[in-house]
Amino acid sequence: MNSASVISTDEAPLLAVRGVTKIFPGVRALDGVDFTLRRGEIHALMGENGAGKSTLIKVLTGADRRDGGEILFDGCSIDPRSPAEAQRLGISTVYQEVNLIPFLSVAENIYLGRQPMKFGRIDWKQINLRAAAALKHIDVEVDVARPLNSYSPAIQQMVSIARALDIRAKVLVLDEPTSSLDANEVRHLFAVLRRLKAEGLAIIFVSHFLDQVYAISDRFTVLRNGKLIGEYDAAKLPRLELIAKMIGKDLKAVEEMSARRGAEPVRTAHQPFLRVIGLGRRGSMTRFDLTIRAGEVVGLAGLLGSGRTETARLLFGIDRAEEGRMEIDGKLVTLTSPRGAIGRRFGFCPEDRKTQAVIPDLSVRENIVLALQASKGWLRKISTQQQQELVENYIKALGIATPDAERPVKFLSGGNQQKAILARWLASRPRFLILDEPTRGIDVGAKVEIEKLIARLCSEGMAILFISSELEEVVRDSHRVVVLRDRKKVCELTGGQIDLPSIMQAIAARADE
């Protein structure tokens, strides 16, 4: 820990978390974490996936009960047993996905469950007047009688904040509040937050947008793997050092690695297979260009929330692009669905294999033949014998550890489930394979096997988009690396440029750099 950057103060905090622990089956999500929040400050919680940010917020707001430690609020020990109890204490949360009722009016959403009454009936006049006043306090003037879903995501987010403040919150927790906002909407939100801060409100801010957390935050608390890494003054913590702390790299070692970096030859590849120009979607990815060649691995690098998965979803047609164009083999194409992508011989292994890839109650055989059967259509059924031959070949080729092909895939280890998903797409003979975190949650041996497989597929002419939060894997396995930050493409590295320091520096650079 860099002691020069650690905050120390005698000021009594409004909220103090002391040694809080939270244990889930097989996982210590919080391990003796400390956290302090002062009145009139904006404090950012920082950390990669699995760091413990969401769990800490759930413990603070009563969604999860802590297993150890203490929480002090305004000098008193508290133990909220539900979000409603936390709200009564003065801790309110506004989530990334607006947690209101879209078909009710703006005013009804602000006062839901707290409607002012008159003569035993709801006083609609008072509800509308108070709702308008609550919104005006945060510089929003809209018709509060209109349904919430008739307004933009930005307005809906502000309505959530107005409701939280009207409950007389002393602490406002904002979980990814800017994820669906454009630049002007973010500026408006930040102006409101600065005024609320000046009025003494304490704000916990969670965001993966580096430019934004530096623009709005007074202090950072960094978590990693459920442990506290440190508490820092935002103005004194360089971006590169923040990233090093978040991903668990020693900054001095990274700087030394950068100094001794040597140029490497640029690896060769075939003609462009896929080219996207100006592809983008509001709330997903800012317009970007990307070229991928047959026989080439293109790595996507960036912190969680940088736009890696969003890019994959756009390319595979899960999310439809609102602007830009795509070319395959030099011909203009439009992908409006995963079915269309599969028809173009695309494959996609998603990040969350348990909910988005494997069908746990189906057998290994059924999981593997799924994509191939879908590409043929259900009227052209693959015979049982063909299925068995195909699956046995892939079980042997990929080394899938299973007693037989009929065993339910849910009984396989994480690494073998991942291999079964890879086998599913390989069986469909794709020209382009998107791998989103293919080595997450699997053992070292399985990781090595999957990385060898990527190299072999590349040598056979397949185009691969490789996404991993393990930057060393991206460096090791990629011919080119596209670096993303705050859902924008910020640079592209080739040959000798591809190393850990260069990627970290690109992620850490300010927007104006």
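**Fold, cores and buried elements of the chain**

In helix H1, the residues Lys53, Thr55, Leu56, Ile57, Val59 and Leu60 are buried. The helix spans residues 53-60 and is mostly covered, with six of its eight residues buried. After H1 comes Gly62, which has a positive phi near 80°. These values, like those below, refer to a predicted model.

Helix H10, covering residues 308-315, is likewise described as mostly covered, six of its eight residues being buried. The buried positions in H10 are Arg308, Glu310, Thr311, Ala312, Leu314 and Leu315. Gly317 follows H10, and its phi is positive, near 80°.

For the chain as a whole, the secondary structure consists of 18 helices and 22 strands. The radius of gyration is 25 Å, which agrees with the value near 24 Å that a compact globule of 513 residues would have. Along the principal axes, the C-alpha atoms fill a box of roughly 75 × 60 × 45 Å. Of the 513 residues, 52% count as buried. When contacts between residues at least 6 apart in sequence are considered, 68% of them join residues at least 24 apart.

The exposed area of the chain is about 23400 Å², of which carbon and sulfur atoms supply 49%. The chain carries 73 positive and 64 negative charges, and the mean positions of the two sets lie 4 Å apart.

The largest nonpolar core contains 130 residues, and the members that touch the most other members are Ile138, Leu193, Leu315 and Phe432. Helix H5, residues 153-166, provides the largest share of this core, namely eight residues. Apart from this core lies another, of 25 residues, including Leu30, Ala202, Ile204 and Val206. Leu315, listed above for the largest core, is also one of the buried residues of H10.

The surroundings of Leu193 were examined with residues up to four places away in sequence left out. On that basis, Leu193 touches Ile42, Leu174, Ile203, Phe205 and Ile216. One of these partners, Ile216, is placed in helix H7, residues 210-216. Ile216 counts as buried because its relative accessibility is 1/25 in fractional terms, that is 4%, and the limit for burial is under 20%. Not counting residues up to four places away in sequence, Ile216 touches Ile42, Phe190, Leu193, Arg194 and Phe205. Ile42 and Phe205 thus appear among the contacts of Leu193 and among those of Ile216. Phe190 and Ile216 are 26 residues apart along the chain, and their C-alpha atoms are separated by 6.8 Å.

A further buried position is found in strand E11, residues 219-224, which holds Thr221. Thr221 has a relative accessibility of 1% and therefore counts as buried. With neighbours within four places in sequence left aside, Thr221 is in contact with Phe35, His43, Ala44, Leu45, Met46, Leu228, Gly230 and Glu231.

Definitions and conventions
Residues numbered from 1 in each chain as written. Predicted model: local features only at pLDDT ≥ 70, side-chain atom pairs only at ≥ 80, totals over all residues. Heavy atoms only, no water. Helix = DSSP H or I, 4+ residues; strand = E, 2+ residues; numbered from the N terminus. Rg over C-alpha atoms; globule rule 2.2 N^0.38 Å. Buried < 20%, exposed > 50% of the residue type's maximum accessible area, 1.4 Å probe, protein only. Contact = heavy atoms within 4.5 Å. Areas by Shrake-Rupley, 256 points an atom, 1.4 Å probe, with all protein chains shown as cover. Lys, Arg positive; Asp, Glu negative; His and termini not counted. Charge placed at Lys NZ, Arg CZ, Asp CG, Glu CD. Core = buried A, V, L, I, M, F, W, Y, C linked by side-chain atoms within 4.5 Å.
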